[in-house]
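This report is meant for a reader who is meeting the structure for the first time. Please look over the sequence and the model below before reading on.

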2 protein chains.
Amino acid sequence: MWTIGEVTELTGIAAPTLRYYEKEGLLPHVKRNENGKRLYDEEDLSWIHFVTALRATGMPIAQIQKYVNLYKEGDSTISERKRMMLLHKKEIENSIRELYFNLDKINYKLALYDVLESQLEKTSIKI
Amino acid sequence: MWTIGEVTELTGIAAPTLRYYEKEGLLPHVKRNENGKRLYDEEDLSWIHFVTALRATGMPIAQIQKYVNLYKEGDSTISERKRMMLLHKKEIENSIRELYFNLDKINYKLALYDVLESQLEKTSIKI
DNA sequence: AAATCATTTAAAGTAAACTTTAAGGGAAAG
DNA sequence: CTTTCCCTTAAAGTTTACTTTAAATGATTT
């Protein structure tokens, strides 16, 4: 079991962010010690990692909330949760495609700079 | 030459956003007609597409500003502009890598759901 | 015992990128 | 002519996801 400070060290996520996630219902069943201080177990850490992965792939807080609420409802929501993940997977794949598409434009620009630079080089040789 | 409304139709970018980009110095040399209304030419459109590609790949407004300012300074800034684009290219490649990394976690979750569903299926057959 | 430290809460603040509003102007359509 | 439409500006508002602040509590160190 870890305190919030230890989890911060372990995950690199700031303590206020962990509290914020919990308040927003993104981290179910975080326990407290006798003094009311948070204690995180393995399962909490695994939730934190999962939520972090969802956030890093652009899922909004509100949608993660919805997902966690489904989780809390139990096994009857498994197919809906799976559907959410499948949809999100497609969105990630779209994001990746869009990034590649725009990366192409950057590469085109870089190719133009290569041409420009070699032309400027020739000019300075002429002088 | 196109009006702002036509550019909005052509690009899908809202007119207020186009004005905002221009005000922030992201779109150099947009001309006006005799009544002070914006008129966009081919070069303006190409700037809009480029700025859109930079935004879609996560470059902040402030950095695009810096890039456009370098452009305005002329040929002497070509190598610095190229350096900026090379750096940004690497950031895009990092973003893509991170997306793939987190996509893996989503896929792992989806695999778990497949197992869970087949287990639940078996259970219901037993009943 | 006093000071320090990590924690708690609620509430306010921040940053970035737009978006909306308000007030007005000119041109074209009915 | 007057209504409609598209445009103009400056300024205020919105959204999202945190981050910071303030005030308090309890445990540990000196």
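B:Trp2 sits in the segment of chain B that comes before H1. The model in which it is seen is a predicted one, and the description that follows should be read with that in mind. With a relative accessible area of 23%, B:Trp2 is partly exposed. Leaving aside residues up to four places away in sequence, B:Trp2 touches B:Val7, B:Leu10, B:Arg38, B:Leu39, B:Tyr40, B:Asp41, B:Glu42 and B:Leu45. One of these, B:Leu39, is 37 residues away from B:Trp2 in sequence, yet the two C-alpha atoms are 5.4 Å apart in space.

**Where the two protein chains meet**

Between chain B and chain A, 35 residues of chain B are in contact with 35 residues of chain A. The area buried between these two chains is about 3,200 Å², and carbon and sulfur atoms give 74% of that area. Within the part that chain B buries against chain A, B:Leu99, B:Ile106 and B:Tyr113 supply 20%, which is more than any other three residues.

Polar features are also found here: the count between chain B and chain A is eight residue pairs in polar contact. On the side of chain B that touches chain A, the elements giving two or more residues are helix H3 (42-56) and helix H5 (78-126) of chain B. The most is given by H5(B), with 27 residues. Sorted by class, this side of chain B has 18 nonpolar, seven polar and 10 charged residues.

**Salt bridges between and within chains**

Over all chains, a search of the whole structure finds eight salt bridges, and four salt bridges are found across the interface of chain B and chain A. Three pairs are set out in the table, with the separation of the N and O atoms.

| Residue pair | N to O separation |
|---|---|
| A:Asp114 and B:Lys82 | 2.6 Å |
| A:Glu117 and B:Lys82 | 2.9 Å |
| B:Glu22 and B:Arg32 | 3.6 Å |

In the salt bridge of A:Asp114 with B:Lys82, the closest N and O atoms are 2.6 Å apart. This pair crosses between chains, running from A:Asp114 in helix H5 (residues 78-126) of chain A to B:Lys82 in helix H5 of chain B. The two partners differ in their surroundings: A:Asp114 counts as partly exposed at 40% relative accessibility, whereas B:Lys82 counts as buried at 16%.

B:Lys82 also meets the side chain of A:Glu117 in a salt bridge. Because A:Glu117 lies in helix H5 of chain A and B:Lys82 in helix H5 of chain B, this pair joins two chains. A:Glu117 is itself partly exposed, with a relative accessible area of 25%.

Within chain B, a salt bridge is formed by B:Glu22 and B:Arg32. This pair links distant parts of the chain, with B:Glu22 in helix H2 (residues 15-23) and B:Arg32 in strand E1 (residues 31-32) of chain B, 10 residues apart. At 18% relative accessibility B:Glu22 counts as buried, while B:Arg32 counts as partly exposed at 43%. In chain A, a network of salt bridges links A:Glu22, A:Arg32 and A:Arg38.

**The surface near DNA strand D**

Which residues come nearest to DNA strand D? Of the 16 residues around the strand, they are A:Thr17, A:Arg55, B:Gly5, B:Arg19 and B:Arg38. Of the atoms of DNA strand D that come within 4 Å of the protein, sugar and phosphate account for 83%.

Several contacts with phosphate oxygens of DNA strand D can be described individually. A polar side-chain atom of A:Tyr21 lies 2.9 Å from a phosphate oxygen of the strand. For A:Ile61, a polar backbone atom is 3.3 Å from a phosphate oxygen of DNA strand D. B:Arg32, already met as the salt-bridge partner of B:Glu22, has an N or O atom in its side chain 3.1 Å from a phosphate oxygen of DNA strand D.

Helix H2 (15-23) of chain A and helix H1 (4-11) of chain B each supply at least two residues of the surface near DNA strand D. The largest share of that surface, four residues, comes from H2(A). By class, the residues of the surface near DNA strand D divide into six nonpolar, five polar and five charged.

Methods
Residues numbered from 1 in each chain as written. Chains lettered and ligands numbered in written order. Predicted model: local features only at pLDDT ≥ 70, side-chain atom pairs only at ≥ 80, totals over all residues. Heavy atoms only, no water. Contact = heavy atoms within 4.5 Å. Buried area = accessible area lost by both parts, 1.4 Å probe. Polar contact = N/O pair within 3.5 Å; in protein donor to acceptor, adjacent residues only side chain to side chain. Nonpolar A, V, L, I, M, F, W, Y, C, P; charged D, E, K, R; others polar. Near = heavy atom within 4 Å. Buried < 20%, exposed > 50% of the residue type's maximum accessible area, 1.4 Å probe, protein only.
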